[in-house]
Amino acid sequence: MSTEPRSTNAGDENGLVVHLAGEPQLVKYLSLVLSYLYGLNIVVARSLAEASSLLLERGGEIRCVFLVHGQRLTSQTSITALGIRGQIPVFLLIPAEHLDHYRSLCEGQRNVFLFPWEEVTAPAGRSLREVIDDAFERNDIGGLFDGARHLSYRVLQQRVQRRLRRLSTLPTLPEVVVRVMQAVNDPDTSNEQLEELLLSDSAVVHKLVQVVNTPLFAGSGQKERWALNEGIRRLGRRKIGSIALQIKLINSLVKPEDSQFDLRRFWVHSVGTAMIADRIYLGRLVTLADWGTCGDYWIASLLHDVGKLTLGFFFWSYFERLQNLVGEAGISFREAEVRLGDAATHEQVGQLLLIRAGLGREVVTAVGSHHEPGVLPGPLACLVHLANNLCKDLGKGYTPDERGVYSPSVLQATALDEAGLKRLREELSGAVAQDLEDLVSRCMG
């Protein structure tokens, strides 16, 4: 998987980054914000001459320009040319010591925005994300989720598919995973059809049969070994399909060489969250308004942090800073994202990946709100939020010292107080910790 922004094809909407000197990580940060919040592809120029050529070549495809420069420009003409005489917004990311110089240089120019690059991931006041949002609104550059509450889910899917169709920094899920997801989500899919689909990947079936015959799924008193069709019949199409895609994902997503992302630890937390959701769902261990809408709990729980996976693969340095801040300040990952400039969050990135993969609204909503579920969270969102935080409380977060941060709205919706949470932790702790490591080991190649 390449982690470099690539050149784009005709018909795309692009953000031009003119990177002259200094702060190489700013290009990655801009790619994160522009791609995942606005669906803009990133094209990088290494000189003003190259930028001018691209502006001439791409015409109306370039919607904005970011100049990253550690020195002082002396000509106002260069900045005017980058903005096509004020037609598109130009953002100057420069050292704080040069702000006064550029304010004077750009006086009277329209659609030019200054920001000290020292504050991009450590904002002292307004964040760069807020400056971009305001400027884009003035220039009619729409975000991917603008007006989402008033759109049908099908229209939102079409928008995401269209604007992210060539985005290189969003993992493409293996075809068999997408097909299994679609089969699990389709109520008209029969057990026989799911079996036929799974049999197309013998390696997955081999591990799947091993997993479903463990005491965790088959029970400790099982005497006869289940074949695949028997496992589907006994455990259900949704659970078997979810475990199958879990096995495929664990063995097919290979991190880039320059990333130090802990892939096993990631899967331990993800699978652990799914297992905890499973225990809560089967045992009806909390109060929920409608258990019937929680049928996709395994997929939603397993993939709740898939946005972190994307950050760890493509934006490793940024992810590492986030993770270090979590440990140093004792805050949640979401809080760390806010402190470092609130770029596209791992929840938003996860939403985009699952929308592009064709998953349904309930799963996408649960994944996209597992930290901030809102005032009236749905049942599936409540279940995923609880399972995620309980898994951390049991020492199975991405780092062992992470602890759960529970939403008051979820606690209210599930009729849980601190005593109820303590009861859940005690009920889940022993079995989950032991079964989880065994399950991940069996799933991995």
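F315 is buried, at 3% relative accessible area. Keep that residue in view. This is a predicted model, and F315 is a good way into it.

What does F315 pair with? Its partner is Y36. A pair of aromatic rings is described by the distance of the centres and the angle of the planes. For Y36 and F315, the centres are 5.9 Å apart and the planes stand at 75 degrees. Edge-to-face needs an angle over 60 degrees, so this pair is edge-to-face. Y36 is buried too, with a relative accessible area of 0%.

Now place the two rings on the fold. Y36 sits in helix α1, residues 25-38. F315 sits in the loop between α15, residues 306-314, and α16, residues 316-329. The two parts are 279 residues apart in sequence, so the pair ties together distant stretches of the chain.

That is one pair. How many aromatic pairs does the structure hold? The count is 17. There is also an aromatic cluster. Its members are F261, F266, W267, F313, W316, F319, F333 and Y398.

Back to Y36, from another side. Y36 is one of the residues in contact with L144. L144 lies in the loop between α5, residues 128-138, and α6, residues 153-163. Buried or exposed? L144 is buried, at 0% relative accessible area. Leaving aside neighbours within four places in sequence, L144 is in contact with S35, Y36, L37, Y38 and G39. Its other contacts are L156, R159, R163, L164 and L352. Take G39 from that list. G39 and L144 are 105 residues apart along the chain, yet their C-alpha atoms are separated by 6.2 Å.

Stay in that α5 to α6 loop. D140 is there as well. L144 is buried, but D140 counts as exposed, at 66% relative accessibility. Its backbone deserves a look. Phi of D140 is near 60 degrees, a positive value in a residue other than glycine.

R85 also has a positive phi. The angle is about 55 degrees, and R85 is not a glycine. Where is R85? It lies in the loop between α3, residues 76-82, and β4, residues 90-94. R85 is exposed, with a relative accessible area of 73%.

On the other side of α5, look at S127. It lies in the loop between β5, residues 112-116, and α5. S127 is buried, at 8% relative accessible area. Beyond its neighbours within four places in sequence, S127 is in contact with F115 and G341. Then there is L340. The C-alpha atoms of S127 and L340 are separated by 8.9 Å, and the residues are 213 apart along the chain.

Now step back to the whole chain. It has 22 helices and five strands. The radius of gyration is 24 Å, close to the 22 Å that the globule rule gives for 445 residues, so the chain is as compact as a globular protein of that length. Along its principal axes, the C-alpha trace spans about 80 × 45 × 40 Å.

How much of the chain is buried? Buried residues make up 58% of the 445. Then the contacts. Take those between residues at least 6 apart in sequence: 73% join residues at least 24 apart.

Last, the surface and the charges. The chain exposes about 18,900 Å², and carbon and sulfur atoms supply 47% of that. There are 47 positive and 52 negative side chains. The centres of those two sets lie 3 Å apart.

Definitions and conventions: Residues numbered from 1 in each chain as written. Predicted model: local features only at pLDDT ≥ 70, side-chain atom pairs only at ≥ 80, totals over all residues. Heavy atoms only, no water. Helix = DSSP H or I, 4+ residues; strand = E, 2+ residues; numbered from the N terminus. Rg over C-alpha atoms; globule rule 2.2 N^0.38 Å. Buried < 20%, exposed > 50% of the residue type's maximum accessible area, 1.4 Å probe, protein only. Contact = heavy atoms within 4.5 Å. Areas by Shrake-Rupley, 256 points an atom, 1.4 Å probe, with all protein chains shown as cover. Lys, Arg positive; Asp, Glu negative; His and termini not counted. Charge placed at Lys NZ, Arg CZ, Asp CG, Glu CD. Phe/Tyr/Trp six-rings, centres within 6.5 Å; stacked < 30°, edge-to-face > 60°.
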